[in-house]
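Q: I would like to learn how to read the fold of a structure like this one, beginning with its overall plan and ending with single residues. Could we go through it step by step?

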Amino acid sequence: MRSLRVGFDVDEVLYPWVATLRHHLHTSEGWPLDRMPEPTRYGFGPDWGMADDAEFLAHAVATARAGLLHTYGDPLEGAAEVTHRLVDAGHTVHVVTARRYDESYGVNAVLADSTRRWLERHDIAFTTLDLELDKTAVPTDVYLDDRPDHVDALCAAGTRGVLMDSFHNQDPSCGRERVHSLAEFADLVEEMSANPATC
């Protein structure tokens, strides 16, 4: 068995980002829940009645400034158990999230602090935490992300990029290696540890 550097995205991999935004818009802005159906694509703002990406970003930043994003909400199933399982098996766990906005919004320090506190509060084991738009900036052997373009970039960089099944990556033409749960990903890591594989 060899020790691996295991990477995790946060939003929609460990954390319910969409559900948290919905909660904020419902409780703070008074949006009715039926205005915010379960998304079926990544750019779902128009499905919730948002005019454009700028309005969507404005709501996300407001949620961050309110201290809710990314502190509210329970982890996705298995987050604590799987990360501890991997650390106990001798692997290192590297959380790399693209939770960064233009510096003019003044919320990046809040996001870094709230992300760390949320991980610690929910007993999610991690070796390092980085806020990076480029997921390849932190060297990993295997990485779980929900965005196909991130998985492609990781594979191109020599990491075994794995796609977490999610609402916005259901295109039948999306042929990336995919798992449907964190536990399934942990099984894959253990198999890779025992039998070295390539991307």
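A: From the N terminus on, the elements run β-α-α-α-β-α-β-β-α-β-β-α, which comes to six helices and six strands, where helices (H or I, at least four residues) and strands (E, at least two) are DSSP runs numbered from the N terminus. This is a predicted model, in which local features need pLDDT of at least 70 and side-chain atom pairs count only at pLDDT 80 or more, while totals for chains, interfaces and linings use all residues. Residues are numbered from 1 along each chain as its sequence is written, and side-chain values use heavy atoms, with hydrogens and water left out.

Q: How compact is the protein, judged by its radius of gyration and the globule rule?

A: The radius of gyration is taken over C-alpha atoms, and the globule rule is 2.2 Å times the number of residues to the power 0.38. Here the radius is 17 Å, close to the 16 Å that the rule gives for 199 residues, so the protein is as compact as a globular protein of that length. Along the principal axes, its C-alpha atoms fill a box of roughly 50 × 35 × 30 Å.

Q: What share of the residues is buried, and what share of the contacts joins residues 24 or more positions apart?

A: Of the 199 residues, 47% count as buried, where buried means under 20% relative accessible area, exposed over 50%, and partly exposed in between (1.4 Å probe, protein chains only). With contact meaning heavy atoms within 4.5 Å, residues 24 or more positions apart account for 66% of the contacts with a separation of 6 or more.

Q: At what angle do helix α1 and helix α2 pack?

A: Two packed helices are described by the angle between their axes and the distance between the axes. Axes are lines fitted to C-alpha atoms, for helices over the stretch in contact, and angles run from 0 to 180 degrees between N-to-C directions. Helix α1 (residues 17-27) and helix α2 (residues 53-65) pack at about 85°, with their axes 10 Å apart. They are therefore roughly perpendicular to each other, given that angles under 35 degrees count as roughly parallel, over 145 as roughly antiparallel, 65 to 115 as roughly perpendicular and the rest as oblique. Trp17, Leu21, His24 and Leu25 of α1 make the contact with Phe56, His59, Ala60, Ala62 and Thr63 of α2.

Q: Which angle and axis distance describe the packing of α3 and α6?

A: Helix α3 (residues 79-88) and helix α6 (residues 182-194) pack at about 10°, with their axes 9 Å apart, and are therefore roughly parallel to each other. Among the residues in the contact are Val82 and Arg85 of α3 and Ala186 and Asp187 of α6.

Q: Which sign does phi have at Glu12 and at Asp123?

A: Most residues other than glycine have a negative phi, and most peptide bonds are trans. Glu12 has a positive phi of about 65° although it is not a glycine, and phi of Asp123 is near 60°, also a positive value. Glu12 sits in the loop between β1 (5-8) and α1 and is buried, with a relative accessible area of 15%. Asp123 is placed in the loop between α4 (108-121) and β3 (128-131) and is partly exposed, at 48%.
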